[in-house]
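Trainee: I'd like to take a close look at one part of this model with you. Please walk me through it in some detail.

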Amino acid sequence: MILIKLGGSLITDKSQPQTFLPDIMDRLAEEIKQFTIEHPLEPLIIGHGSGSFGHIEAKKYKTNQGFVNDDSKLGFCRVHAVAAELNQLIIKTLLKHDLPVFPIQP
């Protein structure tokens, strides 16, 4: 089994909030597609970071510290929401390249 982790700083512009880099993701999707062609029986898991989507919201609400104030619950919800948006962008890109993917969120 192969695990590929697409780093958040690779697929997003961390200097700009919620900025997906579609050209880079297209290139990665093509590389993954080529791998699946060359290794058709190899199970593949693709994970990804949060980049300028989740990290900016997480920092704003200090979610790495847990529930620290009245805004913590809202912060966790906002981090989840933007992470799900990024996940959908990645899924759409991979599907565009005919890669059969579906999300499993932790």
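To get our bearings, where is Met1 found relative to strand 1? From there, please take me to Asp26: which side chain does its own side chain make a polar contact with?

Mentor: Happy to. This is a predicted model, in which local features need pLDDT of at least 70 and side-chain atom pairs count only at pLDDT 80 or more, while totals for chains, interfaces and linings use all residues. Residues are numbered from 1 along each chain as its sequence is written, and side-chain values use heavy atoms, with hydrogens and water left out.

Met1 sits in the segment before strand 1 (2–6); strands are DSSP runs of E with at least two residues, helices are runs of H or I with at least four, and both are numbered from the N terminus. Met1 counts as exposed because its relative accessibility is 67%, the classes being buried under 20% relative accessible area, exposed over 50% and partly exposed in between, with a 1.4 Å probe and protein chains only.

Now to Asp26, which belongs to helix 2 (residues 22–38). Its relative accessible area is 19%, so Asp26 is buried. The partner you asked about is His97: the two side chains make a polar contact at 2.9 Å. A polar contact here is a pair of N or O atoms within 3.5 Å; within protein, one must be able to donate a hydrogen and the other to accept it, and sequence-adjacent residues count only if both atoms are side-chain atoms. Leaving aside residues up to four places away in sequence, Asp26 touches Thr93 and Lys96 as well as His97, where contact means heavy atoms within 4.5 Å.

Seen from the other side, His97 lies in the segment after helix 4 (72–96). His97 is buried too, because its relative accessibility is 13%. With the same sequence exclusion, His97 touches Ala29, Glu30 and Lys33 in addition to Asp26. The C-alpha atom of His97 is separated by 10.0 Å from that of Arg27, although the two are 70 residues apart along the chain.

One step further along, Asp98 is also in the segment after helix 4. Asp98 counts as exposed because its relative accessibility is 59%. Its backbone deserves a glance: phi of Asp98 is near 60 degrees, a positive value in a residue other than glycine. Most residues other than glycine have a negative phi. Lys62, in the loop between helix 3 (51–61) and helix 4, likewise has a positive phi, of about 55 degrees, without being a glycine.
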